[in-house]
Amino acid sequence: MNRIFSGVQPTGNLHLGNYLGAIRNWVALQSSFDCIFCIVDLHAITVPQDPAQLRLQTREVTAAYIAAGIDPERCIIFNQSMVSAHSELSWLLSCLTPLGWLNRMTQFKEKAGKQRDNAGLGLYAYPVLMAADILAYKATHVPVGEDQKQHLELARDIAGAFNRRYGVEFFPLPEPQIFGAATRVMSLRDGSKKMSKSDTSDYSRINMTDDADTVALKIRKARTDPLPMPETPEELETRPEAANLLGIYAALTDVTVDAARARFAGQNFSSFKEELAEVSVAVLGKIGGEMRRLVADPGYIDRVLRGGAERARAIAEPHLREVQDIIGLLRP
Ligand code: TRP
């Protein structure tokens with residue numbers, strides 16, 4: 001069976017963007033792929049993290065996976081740092097990654113900003129670790145948001161560079177799976193900004209742990225323009241807030257954005273928002289409740305993570321040993 005690898009960083013509160021852009025799409029993949037879903041704590045520490053928060057958020061992401069419907073028996077769920085093969089393979093791959101490839105990464109340029117000399121080596125090498133995550137399992141498919149596409153291209157390039165340098169066909173080139181509607185969920189207060197963990201405006205973001213009343217309130221308060229609901233696809237392009245809310249509606253109800261637009265065309269926003277609030281509460285209210293229940297039982301979460309790490313190691317370690325042999329690292 002083809003294998004999927006994907007991951008979420010345990011930083012900040014998980015929100016609707018993480019759910020619709022990533023986790024929700026994974027649930028459907030479980031039956032047709034061998035799935036590995038990671039909580040990428042080593043990626044999280046490429047920027048400073050509070051240790052207690054990091055631990056808490058690692059468990060919270062695990063809870064979100066399970067609450068969203070990922071079956072920990074069927075899939076492998078684990079935190080990255082528990083499987084040392086990720087770090088080890090990352091070093092081996094970094095030795096064949098040209099600096100020029102990393103210099104092209106737009107996310108590093110954005111995150112490092114003008115203070116490039118102060119950015120950490122880890123932040124710079126982040127895409128190589130991501131390649132190691134994927135290649136350690138010889139994953140064939142990687143579901144990611146639009147923003148990770150460039151990193152995935154790099155993972156393919158690195159896999160190819162390894163195969164060419166050693167004249168082997170060892171690593172498969174992983175295929176990106178980019179999902180459709182609402183892979184980019186925008187702020188509810190500003191349609192030009194991504195919904196973000198770091199946004200300090202409480203009403204900009206729906207958290208996965210929000211209760212039903214909070215979800216409904218945030219939808220009702222979402223910023224909109226004074227016009228009626230868009231009538232044409234072209235109109236959507238000039239109305240980011242409307243496009244965002246329709247994208248969310250479409251993703252939550254599994255219809256296309258255009259079908260959602262057609263359904264509400266010409267209506268006023270308030271009736272649309274009532275329906276959006278209803279579907280949001282139906283989906284998120286349940287997940288939030290389940291997440292809160294799971295987070296209250298860290299013993300269970302830790303058992304899932306321990307079991308997942310063991311199963312992950314059983315796949316990654318033999319691959320790592322093969323890589324060591326191919327490179328000529330002696331294992332006496
Ligand atoms: N970089 C990804 C993000 O920030 C997370 C990630 C780490 C990942 N390793 C991965 C995603 C491997 C897919 C595959 O969203």
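Is threonine 58 buried or exposed? Keep that in mind; the tour returns to it. The model on screen is predicted.

**Stop 1: the ligand**

Select the ligand and display its surroundings. The ligand sits in the largest pocket. The elements that give two or more residues to its shell are strand S1 (3-8), helix H7 (121-135) and strand S4 (141-144). Color those three elements. H7 gives the most to the shell, with 4 residues.

Now show the side chains of the shell. There are 13 residues around the ligand. The closest are Gln9, Tyr126, Met130, Asp133 and Gln148. By class, the shell holds 7 nonpolar, 5 polar and 1 charged residues.

**Stop 2: polar contacts to the ligand**

Three side chains deserve a distance label.

- Pick aspartate 133. An N or O atom of its side chain is 2.7 Å from a nitrogen atom of the ligand.
- Pick glutamine 9. One of its polar side-chain atoms lies 3.0 Å from an oxygen atom of the ligand.
- Pick glutamine 148. Here a polar side-chain atom lies 3.0 Å from a nitrogen atom of the ligand.

Next, switch on the surface. How much of the ligand's accessible area does the protein cover? On its own, the ligand has 370 Å² of accessible area, and the protein covers 89% of that.

**Stop 3: glycine 7**

Go back to strand S1 and select glycine 7, which lies in that strand. Its relative accessible area is 32%, so glycine 7 is partly exposed. Then add leucine 252 to the selection. The two residues are 245 positions apart in sequence. Their C-alpha atoms are 21 Å apart in space.

**Stop 4: two residues with positive phi**

Most residues other than glycine have a negative phi. The next two selections depart from that pattern.

Select lysine 138 first. Look for it in the loop between H7 and S4. Lysine 138 is not a glycine, yet its phi is positive, about 50 degrees. Lysine 138 counts as partly exposed because its relative accessibility is 22%, and buried would require under 20%.

Then move to aspartate 254. Its place is the loop between helix H11 (240-253) and helix H12 (257-264). Aspartate 254 also is not a glycine, and its phi is positive at about 55 degrees. Is aspartate 254 buried or exposed? Aspartate 254 is exposed, because its relative accessible area of 64% is over the 50% cut-off.

**Stop 5: histidine 43**

Select helix H2 (residues 41-44) and pick out histidine 43 within it. With only the protein chains as cover, what is its relative accessibility? The value is 2%, so histidine 43 counts as buried. For a view across the model, add alanine 242. Histidine 43 and alanine 242 are 199 residues apart in sequence. From C-alpha to C-alpha, the pair spans 33 Å.

**Stop 6: threonine 58**

Finish with the residue from the opening question. Select helix H3 (residues 51-68), where threonine 58 is found. Threonine 58 is buried, because its relative accessible area of 7% is under the 20% cut-off. Add alanine 259 and draw a line between the two C-alpha atoms. That line is 37 Å long. In sequence, threonine 58 and alanine 259 are 201 residues apart.

Methods:
Residues are numbered from 1 along each chain as its sequence is written. This is a predicted model: local features need pLDDT of at least 70, side-chain atom pairs count only at pLDDT 80 or more; totals for chains, interfaces and linings use all residues. Side-chain values use heavy atoms; hydrogens and water are left out. A residue is near a molecule or strand if one of its heavy atoms lies within 4 Å of it. A polar contact is a pair of N or O atoms within 3.5 Å; within protein, one must be able to donate a hydrogen and the other to accept it, and residues adjacent in sequence count only if both atoms are side-chain atoms. Accessible areas come from the Shrake-Rupley method with a 1.4 Å probe; for residues, only the protein chains shown count as cover. On a 1 Å grid over the protein atoms alone, a cavity is a set of points where a 1.4 Å probe fits but cannot get out, and a pocket is an open set with protein on both sides within 12 Å along at least five of seven lines; lining residues have an atom within 4 Å of a point. A molecule sits in a cavity or pocket if more than half of its atoms lie within 2 Å of its grid points. Ala, Val, Leu, Ile, Met, Phe, Trp, Tyr, Cys and Pro count as nonpolar, Asp, Glu, Lys and Arg as charged, and the others, Gly among them, as polar. Buried means under 20% relative accessible area, exposed over 50%, partly exposed in between (1.4 Å probe, protein chains only).
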